[in-house]
Every structure is written in C-alpha cells, then in structure tokens.
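Student: I would like a close look at one part of this model. Please pick a sheet and walk me through what surrounds it, in one connected answer.

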Amino acid sequence: MRNANNKKNPIKRGIKKFFYTGFVASTFVLYALQNHGTNATVNVLNTSGALSKPGTAVAALNTTTTSSTLASNGYKDGTYTGPVVNVRLWYVQVQATIQGGQLTNVQFLQYPNERNTSVRINSSANPQLIQEAIQAQSANVNIITGATLTSQGFQQSLQAALSQAKG
Amino acid sequence: MLKLISETRLMWDMPITVAVVEPTAFPETGSSAQPGEGNEYPGALQQAELRQAPKNIEALISGIFDYFQYVDDKFSTFKPLSEISMINQGLLSLEEASLDMQSVIALGEEIRQETNGYFNIARHGRIDPLGLVKGWALSNAADKLREAGCENFYVEAGGDFQAVGLNAEGQPWRVGIRNPFNIGEIVKVLAICDRGVATSGTYIRGQHIDNPVSGGPTDPEILSITVIGPDVYEADCYATAAFAMGRAGIGFIDALEGFEGYMIDINKTATYTRGFERYVNHASH
C-alpha cells in the first residue's frame, strides 16, 4: 500500500528507499548521520540471527500514517507500526517514531530467532567463565594473534615476519 | 612436510600475510607421505587432482594483495580520494556508492545492532569502516583462495586471521596469543582449523579503541580479548565490541553461540569462555 504523501515527503521517501535498496539501513543511516548527527537510533534486530547478505530484499514500510494535522515539515508526532511483512525466511515488522516532526527512531520488532542478539550486558562476574594466571608458552607457532603493536614493535615484527618468509 | 608458500606485505598500515600450503600430487620419495600411511590430511587426494605449481600459488597470493590494495583505496579515510572520503565529504551519496561500499555500511549497521552500539563505524558524524573492513576483506580473501582450490592456508592482517585446513605439517594451525605485558612472549597456544580469530586490545603504550557507547576510552583494566569464531569478519567485530565493553565483554562473547573468547586483564589473569578449552593446543612439541 503506497501512501500518496510519499512522493512529496523526503523522509517517507527515504524510508521507502531504506527498504527497496535491499541494504538494511544504508540510506537511512546516511540520512540520519547527515541530518541528526549521531542522535538518531536505528534498532535493527535481525530475526534470523544471521548477518544479512547484500541483496536481501526488504519490503516497503507501510506506515499507515495519513495524518490529518501535520507538523510543519509533514509529520505528525507519534509511533507508527507497519504490518508484518514476509521477507524470504524472515518476518519483519517496523515501528517508526516521530518526534518533533522528525523521524527519530525506526525499530524492527524482534521475532524469535536462533542467535541471542539482545545479550544483557552484565558487568558482574559470570560464574561460568573460567580464570587462570597467564603463563609463558612455547613460541613455536604458525600464527600470532595479539594486541596491536606500536609502530616500533610493528617494524620489528615485520622484519621478523619478512625474514621468516624468505627463509 | 609440505611447503608453505607465504608472502608478507605492509598494507593498511600493518603487516599482512597470505600463506598457502602447497598441495602436492606426488609425495616425495622416501618420505612417509604416502596415502594410507597415516599422515595424510583431509583433502590430500583431492588436492592431487588440483595440483598447482608454486608459481601459480605465488600469482594467486599476489592477486590477494591486489584485492587488499583495492580495499584500501576504497575504504581508507586517510586517502582523500577514496570512495569513503567522498561519502564523508558529502560528494557521493550512498545510492551512488559501489556495491562493496553499500554492503560494508549495511553490515556495519547490523553489527551495531547486534552489539548494542558497542561496535559502531559511524562516529562524530563520519563513517570510518576500517575496523569492519579488515575482517570483511580477510574473509573475502579466504573465499577467493577457497574458490581457487586452496584447502590449507591462512590470511592474516595485524593479528586477525582466517585459518583454513591444516598447516604444512598436517596439523591444525598453531596459534599463539601474544602476552600484552611482553610482546615477544606467547601466553596461550591454540590449535585452529577452519576458524577466524581476532584480538582487540590496547597499544602497548596507550589506548586506541574508544568506547563508542560512552565515547570515552575503554576499561583500562582489560588489555586484550581474543575471539574465535567460524569467520574472521564476525570475530573481528565482536572482539572490537567486547573490548569496548570492558570486563563485561567476555560475558558477551560467552553468550554468543559459536564464539569463544580469552580475555587478559591488568592483573595478568585470563578469563575465558566455557567452550574455549576445545581450541587449546595440548600437543607436546
């Protein structure tokens, strides 16, 4: 269902593009960055639990907003929920929040998924984690992973790596 | 023992290594590397069909570095003419951007959601995707090598890597976690096969990862966190996010299905996730 106001309203057009390009939040993020700085939040909870691949089609947002009294830039404040849309294997429902006539939040309402994407950040000790004192081990390894080196250590590491590569 | 064909170049401001175990069709005379004698490795017979001379592998590796150069030219915010610089200056809109650029920015938004904002490529009104692009490019490079028929290799940049198959000795890749207190030392040895590994941590002399959520520096108590997962792209993003979360980061990794982590703090204590032990190398050497 297309809203006739879409053509005239750049924000709504932006929302439609947001979905039609098939790249989640790409246009909106840039729009948000340019117009709201980092204040706009886009909460996208992927329902399948996997990272979406480019080209995944997301259907248009149906905002069902046909407001009679509009703010000066065309939007009436409030929270508008779109319909549930079937996108391949996902089910997506979007909620858009308008504040001060501007789009301030777009939220995908989460559906049960396999990966827990809303992990509670808990700073208290987790008894299931294990601790040990670090100890020097053999340096006879193929690959080293670690905190990024300073430029000096980096040069040393590069020299060592290059001489290994030659040898 | 097979030959490891490896090249390291300085790119993206860090050493990048691409190393491929040379497949051989014909075992060396006198060696015990005959099929059926116990030290064949998965894919040995298949690789016999795909025998590639060392010269081809070197060309393949060179092609991977060409790809990394392409990535740098596109995504480096230090290059005023890069595509990302054009976007940040408002000279190029996202609709006009390349497919790779749109993919990266979309992926950035996804990972921002998954990490509750702790991983965020948009800061101070600009997009700096380099933290995400490194793992993404490494992952793509690994795909390219797989498509070319390589089955045993690794691609590594600045300590983050994707390791596929087995090393030249026919064993899982031996991976060392660097001691943040003594960069010449290894404090943990892992056995890695078909995994992506990334470590986020502080520079030895300071802190370089800001906490995107609070905007301030990260928890000074945490020196590094190493994350292991199926793919280096995700491991890299989650390691960065987990490091920004401070001490809670290891709990975040523990709750993530399919990922394990090892965190080292200022007290020289390591905290690791419940499933991390499966990656620890217990073989004698």
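Tutor: What follows covers one sheet, the helices that go with it, the cores and a second sheet.

The model is predicted: local features need pLDDT of at least 70, side-chain atom pairs count only at pLDDT 80 or more, and totals for chains, interfaces and linings use all residues. Residues are numbered from 1 along each chain as its sequence is written, chains are lettered from A and ligands numbered from 1 in the order in which they are written, and side-chain values use heavy atoms, with hydrogens and water left out.

Start with chain B as a whole. It holds seven helices and 12 strands. Both are DSSP runs numbered from the N terminus: H or I over at least four residues for helices, E over at least two for strands. Of its 285 residues, 57% count as buried. Buried means under 20% relative accessible area, exposed over 50%, and partly exposed in between, with a 1.4 Å probe and protein chains only. Take the chain B contacts between residues at least 6 apart in sequence: 59% of them join residues at least 24 apart. A contact here is heavy atoms within 4.5 Å.

Now the sheet. Nine strands form an open, antiparallel sheet in the order 7(A)-12(B)-11(B)-10(B)-9(B)-6(B)-5(B)-2(B)-1(B). Two strands pair if DSSP finds at least two bridges between them. The edges are strand 7 (130-133) of chain A and strand 1 (4-11) of chain B, each pairing on one side only. On average, neighbouring strands are turned by 15° against each other, direction ignored. Axes are lines fitted to C-alpha atoms, for helices over the stretch in contact; angles run from 0 to 180 degrees between N-to-C directions.

Next, strand 9 of chain B. Six of its seven residues are buried, so to speak of it as mostly covered is fair. Three bridges join it, antiparallel, to strand 6 of chain B. There, Phe161(B) has Val197(B) of strand 9 as its bridge partner. Six bridges join strand 9 to strand 10 of chain B, again antiparallel. Gly201(B) stands opposite Ser224(B) in strand 10. Further along, strand 11 (residues 260-265) and strand 12 (residues 269-272) of chain B pair antiparallel over three bridges. Tyr262(B) stands opposite Tyr272(B) in strand 12.

Helix 6 of chain B packs on this sheet, touching strand 6, strand 9 (195-201) and strand 10 (222-229) of chain B. Its direction makes about 25° with that of strand 9. Helix 5 of chain B lies across strand 2 (14-21), strand 5 (153-157) and strand 6 (160-164) of chain B. It runs at about 160° to strand 5.

Helix 5 (residues 130-147) is worth a length check. At 1.5 Å a residue, its 18 residues should span 26 Å; the end C-alpha atoms are 25 Å apart, which agrees. The expected span is 1.5 Å times one less than the number of residues. Its buried residues include Leu132(B), Trp136(B), Ala141(B) and Leu145(B). Just after the helix, Gly149(B) takes a positive phi of about 105°.

Helix 4 (residues 99-114) of chain B passes the check too: 16 residues should span 22 Å, and its end C-alpha atoms are 23 Å apart, which agrees. Because 14 of its 16 residues are buried, helix 4 is largely enclosed by the rest of the structure. Asn116(B), just after it, takes a positive phi of about 55°.

Then the cores. A nonpolar core is a set of buried Ala, Val, Leu, Ile, Met, Phe, Trp, Tyr and Cys residues joined through side-chain atoms within 4.5 Å. The largest has 64 residues; Trp12(B), Phe68(B), Leu132(B), Trp136(B) and Ile253(B) have the most contacts inside it. Helix 6 (residues 232-244) of chain B gives the largest share, 10 residues. A second, separate core of 22 residues includes Val175(B), Leu190(B), Ile192(B) and Tyr262(B). Back in the largest core, Leu132(B) touches, among others, Val104(B), Leu107(B), Phe119(B) and Tyr233(B), not counting residues up to four places away in sequence.

Last, a second sheet. Three strands form an open sheet in the order 8(A)-7(B)-8(B), with mixed pairing. Strand 8 (143-145) of chain A and strand 8 (182-192) of chain B stand at the edges, each with a single partner strand, so one side of each has no neighbour in the sheet. Neighbouring strands here are turned by 35° on average, direction ignored. Strand 8 of chain A pairs with strand 7 (residues 173-179) of chain B in the parallel sense, over three bridges. Thr145(A) has Ile177(B) in strand 7 as its bridge partner.
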